[in-house]
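Work through the exercises below with the sequence and the model open. Each task is followed by its solution.

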Amino acid sequence: MAIPTRYRELIAERCDNRLVATIDRDGCLVIYPYPDWQDIERKLARLPSLNKTAKRLQRLMLGHADEMTLDPQGRININNELLAFAGIKKQAMLVGQVHKFELWDVETWAARRATWLDEEDDGDDLPQLESLVL
């Protein structure tokens, strides 16, 4: 998997070409710059260990985390277990999400995108987003 050229220099400067991939409950992989992952890891470690939801999140995110290094051609090698989780066989869609990437199987991405575009939002969940809509 190749990271787009426009992000490679930033990744090299900010995290010495180190990234971490883990699973996401939506069925994709999430790829974080290493410093951001360290922050997430610390936050996950501070969650209450007797809380079932916290424990599940720790097991899923920390248990599947895999550190990767961007090679000189801007590629990352994602392990087979993570690829299988996301259903990625040949083609993948890399989606930028501000401070992270999501990596989707192309067909899964297309189906989910169509569902999201068809969903009606009532706006009650995130009223602060109203200021972003022109």
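The model is predicted.

**Exercise 1.** Check the span of helix H2 (residues 34-45) against its number of residues.

Solution. The expected span is 1.5 Å times one less than the number of residues. For the twelve residues of H2 this gives 16 Å, and the end C-alpha atoms are 16 Å apart, so the two values agree.

**Exercise 2.** Determine which residues of H2 are buried and how they are arranged about the axis.

Solution. Buried means under 20% relative accessible area. In H2 this picks out Tyr34, Asp36, Trp37, Ile40 and Leu44. Viewed down the helix axis, these residues fall within an arc of 150 degrees, and therefore line one face. Lys43 and Ala45, on the other side of H2, are exposed. The cover over the buried residues includes helices H1 (5-15) and H3 (52-63), as well as strands S1 (18-23), S2 (29-33) and S3 (66-69).

**Exercise 3.** Find the salt-bridge partners of Asp36 and Arg42, and locate each pair in the chain.

Solution. Asp36 pairs with Arg14, with the closest N and O atoms 2.7 Å apart. This pair links distant parts of the chain, since Asp36 is in helix H2 and Arg14 in helix H1, 22 residues apart. Asp36 is buried at 15% relative accessibility, whereas Arg14 is partly exposed at 40%.

Arg42 pairs with Asp39, the closest N and O atoms being 2.5 Å apart. Both residues lie in H2, three residues apart, about one turn of the helix. Residues three or four places apart in an α-helix point the same way because there are 3.6 residues a turn.

Key
Residues are numbered from 1 along each chain as its sequence is written. This is a predicted model: local features need pLDDT of at least 70, side-chain atom pairs count only at pLDDT 80 or more; totals for chains, interfaces and linings use all residues. Side-chain values use heavy atoms; hydrogens and water are left out. Helices (H or I, at least four residues) and strands (E, at least two) are DSSP runs, numbered from the N terminus. Buried means under 20% relative accessible area, exposed over 50%, partly exposed in between (1.4 Å probe, protein chains only). The arc is that of the directions from the helix axis to the C-beta atoms. Contact means heavy atoms within 4.5 Å. A salt bridge is a side-chain nitrogen of Lys or Arg within 4 Å of a carboxyl oxygen of Asp or Glu.
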